Amino acid sequence: MLIAFHKPYGVLSQFTPDGSGHRTLAGFGFPKGVYPIGRLDGDSEGLLLLSDEPGLNQRLLEPTRGHARIYWAQVERIPSELSLIELAAGVMVQGRRTRPCRVWRIDPPPVVPARDPPIRFRKSVADCWLGLELIEGKNRQVRRMTAAIGHATLRLLRWQIGEFTLEGLAPGHWRALGDGERQRVFGARRPSG
């Protein structure tokens, strides 16, 4: 079984509490025996896969397999073209260079569900949305990458895994994927590099 879940803000990608006060996956009525494939931190939202099938973690998350994931990041201020080129080439994060990725401005901004609580709003500081296509996913990587070019991430949403998007799945809802949707999850591979 492969499940797509729209993980809301403030929910951990695990079934047991960690003392942070965030909700866990245990409150969403998942079938017994499923586990999250990869993670989204409590401050991040979006597409999280769960399964009861051994081996899917490695198949989907190992960077050498080149399996693409697309994130939408709302960042503080407007990055220059040079900053976006730097980000795409790979930046230093915690003593290692991130793999090259695809980066673009999302203009007009995407239509996303309201977040509770909303992000902080500052009249005097512009923001914009970036799309980032990665084949790796270290802890808080997108946030650390945007910080490395001087643009704090205000809101982060994983929009797509492979060719499967979050389209039509409301925050806090999940569904088991059919054969065609599973094929879309395993599609859109990029060469590693």
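**Close-up views of a predicted model**

**View 1. The lining of the largest cavity.** Glu76, Arg120, Phe121, Arg122, Val125, Ala126, Asp127 and Leu154 surround the largest cavity. This is a predicted model, so please read each view with that in mind. The volume of this largest cavity is about 70 Å³. Sorted by class, its lining holds four nonpolar and four charged residues, with no polar ones. In total, two cavities of 30 Å³ or more are counted.

**View 2. The second largest cavity.** Here the enclosed space comes to about 50 Å³. Its lining is made by Ile37, Gly38, Leu49, Leu60, Leu61, Arg69, Arg158 and Ile161. Helix H1 (56-61) and strand E9 (153-161) are the elements that give two or more residues to this lining. The classes are five nonpolar, one polar and two charged residues.

**View 3. The largest pocket.** Let us turn from the cavities to an open space. The largest pocket has a volume of about 510 Å³, and 25 residues line it. Which of them are closest to its centre? They are Arg39, Leu40, Gly137, Lys138 and Asn139. At least two lining residues come from each of E4, H3 and E9. As for class, the pocket lining counts eight nonpolar, eight polar and nine charged residues.

**View 4. Strand E3 and its partners.** Strand E3 covers residues 45-51, and seven of the seven are buried, so the rest of the structure largely encloses this strand. What pairs with E3? Strand E1 (residues 2-7) runs antiparallel to E3 and is joined to it by six bridges; in this pair, look for histidine 6 with its bridge partner, leucine 47. Strand E2 (residues 35-37) is also antiparallel to E3, with three bridges between them, and isoleucine 37 stands opposite leucine 49 of E3. Both of these residues, Ile37 and Leu49, also appear in the lining of the second largest cavity. E9, in contrast, runs parallel to E3 and is joined to it by two bridges. To find this pairing, start from glutamate 45, whose bridge partner in E9 is leucine 157.

**View 5. The two sides of helix H2.** Which residues of helix H2 (residues 81-89) are buried? Ser83, Leu84 and Leu87 are. These three lie on the same side of H2 because they cover an arc of only 100 degrees around the axis. Leu82 and Ile85, on the other side of H2, are exposed. The cover over the buried residues of H2 includes strand E7 (102-105), strand E8 (127-134) and helix H3 (141-148). Following the helix to its end, you will come to glycine 90, which has a positive phi near 110 degrees.

**View 6. Helix H3 and what covers it.** Gln141, Val142, Arg143, Met145 and Thr146 are the residues to look for in H3, and they are buried. What covers them includes strand E4 (69-76), H2, strand E5 (92-93), E8 and E9. H2 is thus a familiar neighbour from the previous view, where H3 was listed among the elements covering the buried residues of H2. Glycine 150 comes just after H3 and takes a positive phi of about 85 degrees. To link back to View 3, recall that H3 also supplies at least two residues of the lining of the largest pocket, as do E4 and E9.

Methods
Residues numbered from 1 in each chain as written. Predicted model: local features only at pLDDT ≥ 70, side-chain atom pairs only at ≥ 80, totals over all residues. Heavy atoms only, no water. 1 Å grid on protein atoms, 1.4 Å probe; cavity = no way out; pocket = protein on both sides within 12 Å on 5 of 7 lines; lining within 4 Å. Points joined across faces, edges and corners; volume = space filled by probe spheres on them. Nonpolar A, V, L, I, M, F, W, Y, C, P; charged D, E, K, R; others polar. Helix = DSSP H or I, 4+ residues; strand = E, 2+ residues; numbered from the N terminus. Buried < 20%, exposed > 50% of the residue type's maximum accessible area, 1.4 Å probe, protein only. Arc of directions from axis to C-beta. Contact = heavy atoms within 4.5 Å. Pairing = 2+ DSSP bridges.
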